Amino acid sequence: MQERAYSMKDFYFWKITLSLALASFFIFASMYAVQPLLPVFVTAFDIGVSASSLTLSMTIVGLIIGLVILGFLSDRIGRTIFIKLSLIGSILPFFFMPLTDSFFIFVMLRFIQGFALAGLPAAALAYLSEEIDRRSAGVATALYISSNALGGMVGRVATGYVADTFSWEIAFIGLAVFGMLIFMLVHFMLPSSRFFQSSSMSFRKDLEGFLFHLKDPSLLLVFGLGIILQLSFTGVWTFLPFYMQDEPFSLSLQAISYLFFAYGLGVIGSPFAGWLAGIFGLKKVRISGITVLSIGIAMTLSASLFWIIVGLCVTCLGFFTAHSLTATAVSEQATHHKGSASSLYLVSYYIGVSLGSSALSPIWGNYGWQGLILFIAVLPIFYLFVVQLLQRMIQKKSARKGA
């Protein structure tokens with residue numbers, strides 16, 4: 001009797017879904033755990049703001065490299081092995097980082113950790129598509145993506161709270177111990193692949209398929225939008241702790257960490273965007289999400305803490321709406337190698353994270369919060385205008401060729 005893919009009626013469906021949700025929760029908590037701690041690193045290692053931001057941006061550089069390399073390897077070796085190795089590779093650096101006084105070694109450990117983090121996103125969605133019935137895959141994928149946002153939020157809040165109450169070293173050790181518990185659960189719960197088929201194509205052929213989409217002008221514009229959205233969004237959260245520590249707010253690290261609860265809107269933002277897109281159309285809702293993102297960012301210019309918090313919530317809702325629908329647009333626009341197209345969007349997304357955490361430092365240093373916010377609030381709207389203009393030019397060019 002031929003095996004069938006798991007559906008929501010099957011016990012193994014829930015084992016897979018829960019395992020990947022737990023793994024995703026920890027991976028994204030680990031990735032963004034340093035964000036509220038950037039001012040702490042400035043003091044602990046006697047460095048500048050720009051250098052401190054490398055603890056996030058170098059992690060993302062490692063992640064981008066890992067997505068490409070581990071994505072290829074997972075098509076040849078398997079899925080579950082990379083999911084488990086990703087957890088182990090993310091846990092171990094947390095034990096070593098508190099032991100070093102060298103900021104260079106600290107950043108290198110974050111880079112290695114970033115490479116290891118990539119194992120999960122490189123294999124998880126492919127594993128779901130292979131093992132889960134198509135009618136049930138949407139539920140599993142939505143829970144997986146929601147756990148990304150939830151993990152990122154809890155990682156930021158928990159490390160900020162523990163670091164303020166005890167120390168950042170204890171926060172990292174706590175993350176490592178928590179990660180070991182997650183790893184043991186995933187190791188025993190996650191079923192082996194049943195439908196994985198190793199790629200028989202050469203590395204060259206796989207690379208050609210991966211780079212195929214870089215010749216498509218329409219997709220390049222969407223990849224660029226992924227960079228811009230994440231650059232603006234990450235820019236807000238990277239420099240927010242520095243802004244909130246100063247006058248007139250003078251918030252403690254613990255109080256600042258609570259601001260990351262605004263990320264909770266990301267948990268509902270993606271499914272909410274999908275529902276709205278089904279009614280009003282993907283393009284209209286995506287444009288609305290980008291507009292809401294810019295409005296939310298601009299609201300943080302207020303001198304009132306209340307309106308800044310509201311602005312952060314609006315920012316999160318707009319970002320996750322725009323991001324989820326932009327990712328959907330990639331799959332719709334790609335005519336070949338859809339998996340490669342999604343991977344390239346993921347790469348562009350994390351390039352935006354890296355730029356948003358480090359490349360904006362000169363604007364912050366020279367123009368402060370007001371200059372930074374004005375720039376990143378206007379940037380998505382400006383890019384949207386450019387995209388609309390270029391897409392019309394591409395359509396006209398295609399129409400001439402067709403004629």
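This passage walks through the salt bridges, the empty spaces and a nonpolar surface patch of a predicted model.

Salt bridges come first. The structure holds 2 of them. In one, E130 pairs with R79, and the closest N and O atoms sit 2.7 Å apart. This contact ties together distant parts of the chain, as E130 belongs to helix 7 (residues 119-131) while R79 falls in the loop between helix 4 (54-77) and helix 5, 51 residues apart. R79 counts as buried because its relative accessible area is 6%, which falls under the 20% cut-off. The other bridge joins the side chains of E131 and R194, at 3.5 Å from N to O. Here too the pair links distant parts of the chain: E131 is in helix 7, and R194 is in the loop between helix 9 and helix 10 (203-211), 63 residues apart. The two partners are not covered alike. E131 has a relative accessible area of 0% and is therefore buried, whereas R194, at 23%, is partly exposed.

Next up are the empty spaces. Rolling a probe the size of a water molecule over the atoms shows where such space is left. The count comes to 1 cavity of 30 Å³ or more. The largest cavity holds about 80 Å³ of space. Its lining is made up of L221, V222, L225, K283, R286, I287, I290, Y383, L384, V387, Q388 and Q391. Helix 11 (217-245), helix 14 and helix 17 each bring at least two residues to this lining, and helix 17 has the largest share, with 5 residues. Sorted by class, the lining of the largest cavity has 8 nonpolar, 2 polar and 2 charged residues.

The second largest pocket encloses about 170 Å³ of space. Around it are S218, L282, K283, R286, A329, Q333, Q391 and Q395. K283, R286 and Q391 thus turn up in the lining of the pocket as well as in that of the largest cavity. At least two residues of the pocket lining come from each of helix 14 (282-299), helix 15 (305-333) and helix 17 (361-402). Helix 14 gives the most, with 3 residues. By class, the pocket lining splits into 2 nonpolar, 4 polar and 2 charged residues.

Helix 15 also holds L312. With a relative accessibility of 0%, L312 is buried. The C-alpha atoms of L312 and A322, which are 10 residues apart along the chain, are separated by 15 Å.

On the outside, L92, F95, F96, L99, I173, V177 and M180 make a nonpolar surface patch of about 620 Å². Helix 5 (80-96) and helix 9 (168-189) each supply at least two of the patch residues. One patch member, I173, is found in helix 9. What makes I173 eligible for the patch? I173 has a relative accessible area of 33%, so I173 is partly exposed, and the patch rule asks for over 30%.

Conventions
Residues are numbered from 1 along each chain as its sequence is written. This is a predicted model: local features need pLDDT of at least 70, side-chain atom pairs count only at pLDDT 80 or more; totals for chains, interfaces and linings use all residues. Side-chain values use heavy atoms; hydrogens and water are left out. Patches are made of residues with over 30% relative accessible area and no salt bridge: like charges are joined within 9 Å, nonpolar side chains (Val, Leu, Ile, Met, Phe, Trp, Tyr) within 5 Å. Accessible areas come from the Shrake-Rupley method with a 1.4 Å probe; for residues, only the protein chains shown count as cover. A salt bridge is a side-chain nitrogen of Lys or Arg within 4 Å of a carboxyl oxygen of Asp or Glu. Helices (H or I, at least four residues) and strands (E, at least two) are DSSP runs, numbered from the N terminus. Buried means under 20% relative accessible area, exposed over 50%, partly exposed in between (1.4 Å probe, protein chains only). On a 1 Å grid over the protein atoms alone, a cavity is a set of points where a 1.4 Å probe fits but cannot get out, and a pocket is an open set with protein on both sides within 12 Å along at least five of seven lines; lining residues have an atom within 4 Å of a point. Grid points are joined across faces, edges and corners, and a volume is the space filled by probe spheres set on the points. Ala, Val, Leu, Ile, Met, Phe, Trp, Tyr, Cys and Pro count as nonpolar, Asp, Glu, Lys and Arg as charged, and the others, Gly among them, as polar.
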